[in-house]
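Me: Please examine one part of this model closely, beginning at the end of a helix and working outwards to whatever surrounds it. A single connected account would be preferred.

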Amino acid sequence: MFLHVEMSGKLLNIKGELLSLDVPVVMGILNVTPDSFYAGSRQQSERAVAGRIEMILAEGGAFVDVGGYSSRPDAAEVSAEEEWGRLEPALKMLRDDYPRIPVSVDTFRADIAQRAVEEYGVALVNDISGGGMDEKMFETIARLRVPYVLMHMRGTPQTMRQHTDYHDLIEDVMLYFAEKVRILRLSGVNDIIVDPGFGFSKTLEQNYELMRYLNEFSMMLECPLLVGISRKRMIYDLLEHTAEESLNGTTVLNTFALLNGADILRVHDVKAAVEAVKIVDKLKH
């Protein structure tokens, strides 16, 4: 359905089939949480979850990214049992009713990642902590042999606002990725996607500095690049409005990201992101 194999420098092995990232793809967010920062993304009833999945597919999403733990600043701690309880019904629905759409699970817990892959066929693990909140994550990913989103964050969602003191932001983030990519490669992980972690342990000014240097990450790390800035504080604080009013700002930054090496856009608004991809691809070719 979504797979196209071509000569490309960036390919992902998705359950034995190759996904070319010659043209960037869009990952639609499915939050099965009661407290995500953007109220419009919260889906909890079975009907709401199904509706959200249908919307992501209809609007051209290549992945569904399912999360059961809100990572907004100061979010309440959620036990592993509660996180799994939120995730499992959505994962079961995706496996049974939408078997062709690749699913990503948004979790920092290795046990949950393992259960999602082994029991529900999840194709990709998206870890906001880059292995920093569960020491078993890297070995688990190596054993599961699924693509892994390695994000930059310091501290935890509860403490990350206290960890914005960098010697040199770009250098520090680049070294973080270089070290962790090396560990993952030595562990046998082939498909690594890097995510600079916009909004995580970074001030508004640092987020925009990171965005200005985005192309450096794409070139230096030689990994696919995921950008997730959808309706985030870096947009609505700058523009002095709300997450609900931040679609236009999101599209502007997504377009800039696409022009500077982004391969995957993780978004709430799939249609707008897919249109941005089509227009930027036309400009480039």
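Reply:

**A helix end and its surroundings**

Immediately following helix α4, Arg145 adopts a positive phi of about 60°. This value, like every other one below, belongs to a predicted model.

The helix that ends there, α4, spans residues 137–144, and six of its eight residues are buried, so the rest of the structure largely encloses α4. Those buried residues are Met137, Phe138, Thr140, Ile141, Ala142 and Leu144. Their cover includes two helices, α3 (110–120) and α5 (169–186), together with the strands β6 and β7. The account can therefore be continued in two directions from α4, through the strands and through α5, since both contribute to its cover.

The strands come first. β7 comprises residues 148–151, with Tyr148 and Leu150 directed to one side and Val149 and Met151 to the other; all of them are buried. β6, residues 124–127, follows a comparable description: Leu124 and Asn126 point one way, Val125 and Asp127 point the other way, and all are buried. In a regular strand, side chains alternate between the two faces of the sheet.

β6 and β7 run parallel and are joined by three bridges. Two pairs of residues locate this pairing: Val125 has Tyr148 as its bridge partner in β7, and Asn126 stands opposite Val149 in β7. Towards β5 (residues 103–106), β6 again pairs in the parallel sense, over three bridges. Here the bridge partner of Asp106 is Asn126 in β6. Asn126 thus appears in both pairings, facing Val149 of β7 and Asp106.

These strands belong to an open sheet of eight strands with parallel pairing, in the order β8-β7-β6-β5-β4-β3-β10-β9. Its edges are formed by β8 (192–195) and β9 (226–227), each of which pairs on one side only. Helix α1 packs on this sheet, where α1 touches β3 (25–31), β4 (63–67) and β10 (264–267), and the direction of α1 makes about 170° with that of β3.

Besides its contact with the sheet, α1 (residues 46–58) approaches helix α2 (residues 80–97): their axes come within 11 Å and cross at roughly 50°. This angle makes α1 oblique to α2. The crossing is right-handed. From α1, the residues Glu46, Val49, Ala50 and Ile53 meet Ala90, Met93 and Leu94 of α2. Classified by type, this contact between α1 and α2 contains six nonpolar residues, one charged residue and no polar ones.

The second direction from α4 leads through α5, one of the elements that cover its buried residues. α5 packs against helix α6 (residues 204–212) at an angle of about 70°, and their axes lie 10 Å apart. The two helices, α5 and α6, are therefore roughly perpendicular to each other. As with α1 and α2, the crossing of α5 and α6 is right-handed. At this contact, Leu169, Ile170 and Val173 of α5 meet Gln206, Glu209 and Leu210 of α6. By class, four of the contact residues are nonpolar, one is polar and one is charged.

Two further residues, each in a helix, may be set beside this picture. Ile235 is placed in helix α8 (residues 233–239) and is buried, its relative accessible area being 2%. Apart from residues up to four places away in sequence, Ile235 touches Tyr208, Ile229, Ser246, Gly249, Thr250 and Leu253. Its C-alpha atom is separated by 9.9 Å from that of Val252, which is 17 residues away along the chain.

Ser218, in helix α7 (residues 214–221), has a relative accessibility of 11% and so counts as buried, the limit being under 20%. When neighbours within four places in sequence are set aside, the contacts of Ser218 are Lys10, Leu225, Asn260 and Gly261.

In summary, the helix preceding Arg145 is largely enclosed, with β6, β7, α3 and α5 among the elements covering its buried residues. β6 and β7 are joined in parallel within the open sheet of eight strands, while α5 makes a right-handed crossing with α6.

Key: Residues numbered from 1 in each chain as written. Predicted model: local features only at pLDDT ≥ 70, side-chain atom pairs only at ≥ 80, totals over all residues. Heavy atoms only, no water. Axes fitted to C-alpha atoms, helices over the stretch in contact; angles between N-to-C directions. Helix = DSSP H or I, 4+ residues; strand = E, 2+ residues; numbered from the N terminus. Parallel < 35°, antiparallel > 145°, perpendicular 65-115°, else oblique. Left-handed = near helix turned anticlockwise from the far one by under 90°. Contact = heavy atoms within 4.5 Å. Nonpolar A, V, L, I, M, F, W, Y, C, P; charged D, E, K, R; others polar. Buried < 20%, exposed > 50% of the residue type's maximum accessible area, 1.4 Å probe, protein only. Pairing = 2+ DSSP bridges.
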